[in-house]
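Visitor: I should like to understand the reasoning behind the terms applied to this structure. May we go through them in turn?

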Amino acid sequence: MSNAPQALESYLSGGWRRGEGVETELVDPVRGDVLATASARGLDLKAALAHAHRTGGPALRGLSFAERAKLIGAVADVLIANRAKYETIAVANSGNTKIDAAIDIDGGIGTLKYYARLGSSLGGATFLLDEKPVRLAKAENFQAIHLLAPRHGVAVHINAFNFPSWGLWEKAAVSLLAGVPVLAKPASSTAMLSHEMVRDVIAANVLPEGTLSLLCGGAGDLLDHVNGADVIAFTGSSETAGRILRHPNILARGVHVNIEADSVNAALLAPDASGPAFDAFIKEVSREMTVKAGQKCTAIRRVFAPADRADAVAEALLARLKKTTLGDPRDEAVRMGPLVTRAQQAAAFEGIGKIAKDAQVLTGGATAPSIDGIDPAKSAFVAPTLMRVADGAAADAVHDTEVFGPAATIIPYKTESEAFALVERGGGSLVASVYGDDRAFLARAVSELGPSHGRLLMVEASIADAHTGHGIVMPQCNHGGPGRAGNGEELGGLHGLRLYHQRLAVQGSSDLMTELQAKAFALH
Ligand code: NAP
């Protein structure tokens, strides 16, 4: 990579365009070097949306699901062919280890491939049917059916900094399959990877014009120009989500918005858990704390243990965390890199400080760790930080502070009902995982924790080695959560397509219903 900062361009209205000046410097969080700059200043975002609307929408809607699926597969092939350079970018711009980079890069490619396969199974259909026709009146031939029609707008995807690849492609795969063109806006601080990937896809000419646009830099006046046919899929902090939801144009035009925000996800050790279930719990908590330096929206933040097991849990976690080598991820021996920016480091320290008011810090803490050969004044490291509260019910900050870094807190519980109530104090989360072999307990946990979560991972001995992980989002499963997690729903196989479709009832003759059924793919 050259030393001169690269000015990232945006692909809008069918061409690569450079914004004026510098809005954001993209920095190597280990060395402090400026790698690139981003700016969207002066770009005509109204024209970009209109272009995608005018050219990309009709091009996709003119194709069947199977034909759109082929496009998605072709995007995956381009990314696979260029994978090696993506890893180098992820290491430099995001401070990723190779494993971290793989979760982001291969997670994005895998999701594209999954939707390419799923889409091809929908064949020549161009829209979806939700239910079988129902009779509405005495006359048998007057019926109604619910169908899903692709929206005639643009899918505006606003993404978080922690997944510049997965975040881009998990959203794009679904909207392209649905027949809705994409305008993606990666978070500025780590946009290099999204930029490079989109450059390769555009250069390979595998997508019809107008179906994929990229905005590198701030959102500028983008939200002023979306309309009621568009969809906004946002991933990021709840503060920004609130700003988007309260934006006057979004309110006035009733723009459909899906929010994937933050959460204080829980892992819960069942009262009886021992053997493989206990080991799986310890392994998963330490992995969630350290993979991507804890910068996953799904990462475990609260660690619930029966009060009489809290010491054993602390001891086992400390033993594993001690083995986590911090440093420059270019070094093969390093297991955990820095946070992506010094601003994120400062935010993580602030969060740790808040939780630590009611908690004992067992390891790590709110100061930069000292690492051989690393300048603490230029880098963004946070040590794996394990805390423990004495009384989960009396503590406040731990239940509502998301430290977006390698930090988690052990919360002892006395009874099953106390455990469920404390987990619920997270106010709605993306995911919780429960570990134990008492299946009746696991079933009670599903009904008690279900309403406040978008996903539950239930780990018993039989799947202790087989499960895909607490924090890994599988495209087959729902991603999103209620309450503070944003109330969003993404992925989940075909369910994910709903976001980009208008569901409507069509009332008419039974002959028309038969004709619609022949042209559509039935979801039920
Ligand atoms: P953020 O600061 O909220 O930024 C998210 C995105 O919103 C960025 O692309 C940002 O652009 C953009 N943005 C900022 N202000 C905006 C505005 N007024 N209008 C439109 N867009 C705006 O979040 P982040 O720091 O990147 O990400 C960390 C947070 O994301 C964490 O809290 C994490 O839990 C959450 N997250 C959630 C999920 C999930 O799936 N639920 C996944 C990943 C992360 P700029 O970068 O240009 O400012």
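Guide: The discussion below concerns a predicted model, and it takes up the ligand, the pockets and the cavities.

Visitor: What makes T240 a residue in polar contact with the ligand?

Guide: The criterion is a pair of N or O atoms within 3.5 Å. A polar side-chain atom of T240 lies 2.6 Å from an oxygen atom of the ligand, so the pair meets the criterion.

Visitor: Why do the backbone atoms of G236 and A187 count as well?

Guide: A backbone N or O atom of G236 lies 3.4 Å from a ligand oxygen, and a polar backbone atom of A187 is 3.5 Å from an oxygen atom of the ligand. The cut-off is within 3.5 Å, and therefore both pairs are accepted. As for cover, the ligand taken alone exposes 910 Å², of which the protein buries 83%.

Visitor: What makes a residue part of the shell around the ligand, and which residues come nearest?

Guide: A residue belongs there if one of its heavy atoms lies within 4 Å of the ligand. There are 28 residues around the ligand, and S188, S237, T240, E402 and H479 come nearest. Two elements, β12 (231-235) and α8 (238-245), each supply at least two residues of this shell.

Visitor: How is the shell around the ligand divided by residue type?

Guide: The shell comprises 12 nonpolar, 11 polar and 5 charged residues. Gly counts as polar in this scheme, so a residue such as G236 would be classed as polar wherever it is counted.

Visitor: Why is the ligand said to sit in the largest pocket?

Guide: The term requires that more than half of the atoms of a molecule lie within 2 Å of the grid points of the pocket. The ligand is assigned to the largest pocket, which means that it satisfies this requirement.

Visitor: What is the volume of the largest pocket, and what lines it?

Guide: Its volume is about 1,200 Å³. Of the 44 residues that line the largest pocket, G236, S237, E239, T240 and Q344 are the closest to its centre. Two or more lining residues come from each of α5 (166-178), β12, α8 and α12 (342-356), and α12 gives the largest share, 7 residues. By type, the lining of the largest pocket divides into 18 nonpolar, 16 polar and 10 charged residues.

Visitor: Which residues and elements form the second largest pocket?

Guide: The second largest pocket has a volume of about 450 Å³. It is lined by 20 residues, and those closest to its centre are I99, T290, V291, T324 and R335. The elements giving two or more residues to this lining are α4 (98-120), α10 (275-290) and α11 (310-321), with the largest share, 4 residues, coming from α10. The lining of the second largest pocket divides into 6 nonpolar, 4 polar and 10 charged residues.

Visitor: Why are some spaces called cavities and others pockets?

Guide: In a cavity a 1.4 Å probe fits but cannot get out, whereas a pocket is an open set of points. A search of the whole structure finds 4 cavities of 30 Å³ or more.

Visitor: What lines the largest cavity?

Guide: The largest cavity, of about 50 Å³, is lined by E170, K171, V174, E489, E490, L491, G496, L499 and Y500. Both α5 and β22 (490-491) give two or more residues to this lining, and α5 provides the largest share, 3 residues. The lining residues divide into 4 nonpolar, 1 polar and 4 charged.

Visitor: What makes the lining of the second largest cavity divide as it does?

Guide: R301, I355, M387, V398, T401, V403, A407, A408 and T409 line this cavity, which holds about 40 Å³ of space. Ala, Val, Ile and Met count as nonpolar and Arg as charged, while Thr falls among the polar residues; the division is therefore 6 nonpolar, 2 polar and 1 charged. Strand β18 (residues 407-413) gives the largest share of the lining, 3 residues.

Conventions:
Residues numbered from 1 in each chain as written. Predicted model: local features only at pLDDT ≥ 70, side-chain atom pairs only at ≥ 80, totals over all residues. Heavy atoms only, no water. Polar contact = N/O pair within 3.5 Å; in protein donor to acceptor, adjacent residues only side chain to side chain. Areas by Shrake-Rupley, 256 points an atom, 1.4 Å probe, with all protein chains shown as cover. 1 Å grid on protein atoms, 1.4 Å probe; cavity = no way out; pocket = protein on both sides within 12 Å on 5 of 7 lines; lining within 4 Å. Points joined across faces, edges and corners; volume = space filled by probe spheres on them.
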